[in-house]
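Hello,

Here is the structure I promised to pass on to you. Have a look at it first, and then read on for what turned up in it.

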Amino acid sequence: MDLVFPHTFVPWFRSVAPYIHAYRGKTFVVGITGELVAAGKLAFFAQDMAILHAMGVRLVLVHGFRPQVNEQLAAKGQTARFSHGMRITDGVALDCAQEAAGQLRFEIEAAFSQGLPNTPMANSTVRVVSGNFLTARPVGIIDGIDFQHSGVVRKVDSAAIRKLIDIGAMVLLSPFGFSPTGEAFNLSMEDVATQTAIALQADKLVFMTEVPGIHEDPNNPETPVDTELALADAERLLAALPAPMQPTDVGFYLQHCVKACDGGVERSHILPFATDGALLMEVFTHDGIGTMVVDEKLESLREAGSDDVGGILQLIEPFERDGTLVKRDRTEIERDIANYTVIEHDGVIFGCAALYPYPEARTGEMAALTVSPQVQGQGDGDKILKRVEQRARTMGLDSIFVLTTRTMHWFIKRGFAPVDPDWLPEARKRKYNWDRRSQVLVKKLG
């Protein structure tokens, strides 16, 4: 085995553990476009879904079939017709949709039946269950256009779906619904996935799409993807955009993410199916790969509490081991927990620092400033420093100081100046480790 492998795999797998614990028993509704299947991505996508299933995530999969229906229509000499971002479904188009849905369900069930040795699906058992879980009504006539057999979701049989996912089955929904009179309606994958997520009060709604997400500048695809959008920001952006007509329009999937979050779904995601493993990267890494719409910012900067002791210990332990930080045991951190500030994202602590005041000298020591290697370079260290400075000012302190052996330049760039160890308050000077020869740096607080 490669000697480097354990040193990369083990820390990575441990970093994934908090997400595994957090999502066990949670409900994800995942919508896939027909383009994902047409691009030959279904087999790898099924492997990733099987991994989520094995980790205890309850899954509902909704498939689209836009290109497959268009292909069926073309084979019959018909032209696909769309308006207001929806398909106009006449009798021929309805027949084509039914044929495409049957073929896709067959392919999806086959993909989840894989089990070859030495593949990610080895020893997996994912039972796929379909059924008439959707009641629909016709779209009707809009602006003089009769959408005929196109419909929208009226009701989702959430109780029946919940019973199935509770026993470990994966529910597969095709974009078809039926009226109480038995009439069939062609629905959109996006509408089905959104309404199902709302009905189940799912923990996540995920769209696997043709687009990479929402760019920081929606008008400039060269800008990075905005990995997290607060619901209020997403609503403002949607209001400023023209009505989406094509799946590649910025607001096409965003409108459904906003609707889901307004309906009580905690988080909605827009992911690119073109990126291999996009689903796993979004679920099991800090920043993900696509855009997540969330009702409130998941990241919080706050003072620590007793429940944070374990997270702080896990964060600082690697830095204590390599000598960057002085060793602190659990008892010491539990005793001083009120001195700590933490930065938390989605329930995981990614940064911390402690402030020890010396009121008689009107100064305080900032200790154990740590930012996880996963998020270094994103400004979390500066956020924590500013929060500690605010705490120090509130205490009436005129300065803060740090002792460091390796990160002098980082502090100097942020207004700290080196001083002689004799500058330290008497109480701190008595505890100064002359063997470690830490540099003392001080910052005056305005």
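Helix H5 (residues 91-111) lies across E1, E2, E5 and E10, and its direction is at about 145 degrees to that of E2. Please keep in mind that this is a predicted model.

The strands under H5 belong to an open sheet of eight, in the order E5-E10-E2-E1-E13-E15-E16-E14, with mixed pairing. At its edges are strand E5 (128-129) and strand E14 (228-230), each of which pairs on one side only. Helix H3 (residues 42-54) also packs on the sheet, where it touches E1, E2, strand E10 (170-173) and strand E13 (204-209). The direction of H3 makes about 155 degrees with that of E2.

Now for the strands themselves. If you start at E1 (residues 27-32), you will find it paired in the parallel sense with E2 (residues 58-63) over six bridges. Val30 has Leu61 in E2 as its bridge partner. Leu61 in turn stands opposite Leu172 in E10, and E2 and E10 are parallel too, with three bridges between them. One step further, E5 and E10 run parallel and are joined by two bridges; there, Val129 stands opposite Val171 in E10.

What about the two faces of E10: are its side chains buried or exposed? In a regular strand, side chains alternate between the two faces of the sheet. In E10, Met170 and Leu172 are on one side, Val171 and Leu173 are on the other, and all four are buried, so both faces are covered.

Enjoy exploring it!

Best wishes

Terms used: Residues are numbered from 1 along each chain as its sequence is written. This is a predicted model: local features need pLDDT of at least 70, side-chain atom pairs count only at pLDDT 80 or more; totals for chains, interfaces and linings use all residues. Side-chain values use heavy atoms; hydrogens and water are left out. Two strands pair if DSSP finds at least two bridges between them. Contact means heavy atoms within 4.5 Å. Axes are lines fitted to C-alpha atoms, for helices over the stretch in contact, and angles run from 0 to 180 degrees between N-to-C directions. Buried means under 20% relative accessible area, exposed over 50%, partly exposed in between (1.4 Å probe, protein chains only).
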